[in-house]
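Colleague: I should like to learn how the features of a protein model are read. May we work through one example together?

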Amino acid sequence: MALANVLQSESVDFSNYGRKCRGFSSSLYETELGLESVGGDNLSFAVRTACSDGDGPERKIQFLHGTTTLAFKFQHGVIVAVDSRATAGAYIASQTVKKVIEINPYLLGTMAGGAADCSFWERLLARQCRVYELRNKERISVAAASKLLANMVYQYKGMGLSMGTMVCGWDKTGPGLYYVDSEGNRVCGDLFAVGSGSMYAYGIVDSGLKQKDLTVEEACDLGCRAIYQATYRDAYSGGQVNLYHVHSEGWNRVSQSDVLMLHQQYQAEKA
Amino acid sequence: MFATQVYGDNGKMKEYHYTGPVEHRFSPYSFNGGTVLAVAGEDFAIVASDTRLSEGYSIHSRDSPKCYKLTDTTVIGCSGFHGDCLTLTKIIDARLKMYKHSNNKCMTSGAIAAMLSTILYGRRFFPYYVYNIIGGLDEEGKGAVYSFDPVGSYQRDTYKAGGSASAMLQPLLDNQIGFKNMEGVQHLPLSQEKAVQLVKDVFISAAERDVYTGDALRICIVTKDGIKEETVPLRKD
């Protein structure tokens, strides 16, 4: 499904409902009649609920964000690199997900977490940014845009939204990069990687950013490499690497490379 | 079935000896099965679905197609919980009428897709348990397929399978239409006849291995000349 989810096995925690209802899950654990025989000595007075598997507190398992997105600032702007895989549990729902959302010609948002949550709220953010532009006759700053988004989702804190996004852009004060998530975090920084493959990406980018001034091409290369390495080691990331560069005139899409092609290219370079 | 399934959701073994009281919760959802598939061609789109309506071990109906015609150029396939499918299609029809009256024109496939996304997200905290796939022609007359998740996340594809047998069909489509994992093969564009034949073959395979898919196959072919429907029998067991 188009994004059954960019991360969790359900875009919403169906809790007791979804587990029994998934048609394409293997028939191993379907008990059609909803009666779960659970273990326990016969002397127990506890009434087991139909859907308890005897592991109460583990019911709401937090799945890792199955994705890798990263963004970093450098001398000539911001580089945004993302993978394109969406998983529903162990099923790969799509390998061609657009995880960079184009809010307006000079602002980008990345998608990690629930795909519907990210695309809906960032689309709403685009609308708010446009309204701001019309009212104030000037472009909205990255700080203000990220604040709008953070405040919008904060109202739904605790209700199960899942969104980990980076708002990237260029405004009067230069390149801007903020990390915003559905827990209420909003952090300004020079480098962020979000998702299950983030640790691998951090390793590559941290070592590549040692030399202070990168050219645009080197920075793009670094971003691409970082995502590729993350897809190599993380099972939940893969597909293609989409690369964007944000500069003073706005953003432009640098490349979209299939990970398989990149693998062959890097192998050839090693030889 | 003889595999003694004792695995719980997280892989731990369950035991069958509990005989005490068990609390049953009412679930507002149920799973009615069914598979839908959509393919976009150069100047056509195909939306196909099986016609079996099941619940648990029973089959409620052998003639309940899951493709619904929205406009002259758009068909939607909905599988999952049948109650939500019906309500959702009624809501979409109503919104289409409203749009037609306010804007004096029919909604395009892309617009319907965007609208459906917001309708689905409106129920973010009590979702429509429906897997939707829209197939139709875009403004330029080219085939378009939009696939959704239950809460409204969507994207445009060339082909997509959804519903109970989706995990079986999607890899086959990846290979035959997307030419994935094939070396040295010419990427020929898909003709309408070949696409229809492929859809029939693919559903025959799905009916072999998925209990919720079978009985009959309803194919809707969308071209600039309108929507043509075809029904093909499948395994009834």
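Modeller: We shall take cysteines, a helix, aromatic rings and some single residues in turn. Please keep in mind that this is a predicted model.

Colleague: Let us begin with the cysteines. How many disulfides are there over all chains?

Modeller: A disulfide is a covalent bond between the sulfur atoms of two cysteines. To count one here, the two sulfur atoms must lie within 2.5 Å. By this rule, the count over all chains is zero.

Colleague: Why does Cys220(A) form no such bond?

Modeller: The closest cysteine sulfur belongs to Cys224(A), and at 8.7 Å it is too far from the sulfur of Cys220(A) for a bond. Cys220(A) itself is buried, with a relative accessibility of 9%.

Colleague: And which cysteine sulfur is closest to that of Cys67(B)?

Modeller: That sulfur is in Cys220(B), 4.1 Å away, which is also too far for a bond. Cys67(B) is buried as well, at 12% relative accessibility.

Colleague: I turn now to helices. What span should helix H2 of chain A have, and what span does the model give?

Modeller: The helix covers residues 115-136, which makes 22 residues, and at 1.5 Å a residue it should span 32 Å. The C-alpha atoms at its ends are 31 Å apart, so the model agrees with the expectation.

Colleague: Which residues of H2(A) are buried?

Modeller: The general idea is that an α-helix has 3.6 residues a turn, so residues three or four places apart point the same way. In H2(A), the buried residues include Cys118(A), Trp121(A), Glu122(A), Leu125(A) and Cys129(A). Ala115(A), Ala116(A) and Asp117(A) are buried too.

Colleague: What do these buried residues pack against?

Modeller: Within chain A, they pack against strands S6 (100-104), S7 (107-110) and S8 (164-171) and against helix H3 (142-154). They also pack against helix H2 (109-122) of chain B.

Colleague: What is found just after H2(A)?

Modeller: There, Lys137(A) takes a positive phi of about 55°, although this residue is not a glycine. Lys137(A) belongs to the loop between H2 and H3 of chain A and is exposed, with a relative accessible area of 79%.

Colleague: Where does Phe179(B) lie, and is it buried or exposed?

Modeller: Phe179(B) lies in the loop between helix H3 (166-176) and H4 of chain B. Its phi is positive, about 55°, and it is not a glycine. At 17% relative accessibility, Phe179(B) is buried.

Colleague: How many aromatic pairs does the structure hold?

Modeller: There are 18 over all chains. In one of them, the ring centres of Tyr156(A) and Phe125(B) are 5.9 Å apart and the planes stand at 15°, so this pair is stacked. Tyr156(A) is in the loop between H3 and S8 of chain A, while Phe125(B) is in the loop between H2 and strand S8 (130-137) of chain B, so the pair joins two chains. Tyr156(A) is partly exposed at 28%, and Phe125(B) is partly exposed at 39%.

Modeller: The rings of Phe31(B) and Tyr129(B) are a tilted pair, because their centres are 6.3 Å apart and their planes are at 35°. This pair links distant parts of the chain, 98 residues apart. Both residues are buried.

Colleague: Which residues form an aromatic cluster?

Modeller: One cluster is formed by Tyr29(B), Phe31(B), Phe81(B), Phe126(B), Tyr129(B), Tyr131(B) and Tyr212(B). The ring of Phe126(B) also has the charged end of Arg123(B) over it, 4.8 Å from the ring centre. In chain A, the charged end of Arg225(A) sits over the ring of Tyr266(A), 3.9 Å from its centre.

Colleague: Let us finish with two buried residues. What does Gly77(B) touch?

Modeller: Gly77(B) lies in strand S7 (residues 74-80) of chain B and is buried, at 0% relative accessibility. Leaving aside residues up to four places away in sequence, Gly77(B) touches several residues, including Val36(B), Val47(B), Cys67(B) and Tyr131(B).

Colleague: And where is Lys200(B) found?

Modeller: Lys200(B) is in helix H4 (residues 192-209) of chain B. With a relative accessible area of 19%, Lys200(B) is buried, since the limit for that class is under 20%. Not counting residues up to four places away in sequence, Lys200(B) touches Leu217(B), Ile219(B), Glu230(B) and Val232(B).

Methods. Residues are numbered from 1 along each chain as its sequence is written. Chains are lettered from A and ligands numbered from 1 in the order in which they are written. This is a predicted model: local features need pLDDT of at least 70, side-chain atom pairs count only at pLDDT 80 or more; totals for chains, interfaces and linings use all residues. Side-chain values use heavy atoms; hydrogens and water are left out. Buried means under 20% relative accessible area, exposed over 50%, partly exposed in between (1.4 Å probe, protein chains only). Helices (H or I, at least four residues) and strands (E, at least two) are DSSP runs, numbered from the N terminus. The expected span of a helix is 1.5 Å times one less than its number of residues. Contact means heavy atoms within 4.5 Å. Rings of Phe, Tyr and Trp (its six-membered ring) pair if their centres lie within 6.5 Å; planes under 30 degrees apart count as stacked, over 60 as edge-to-face and the rest as tilted. A charge sits over a ring if NZ of Lys or CZ of Arg is within 6 Å of the ring centre and within 35 degrees of the ring normal.
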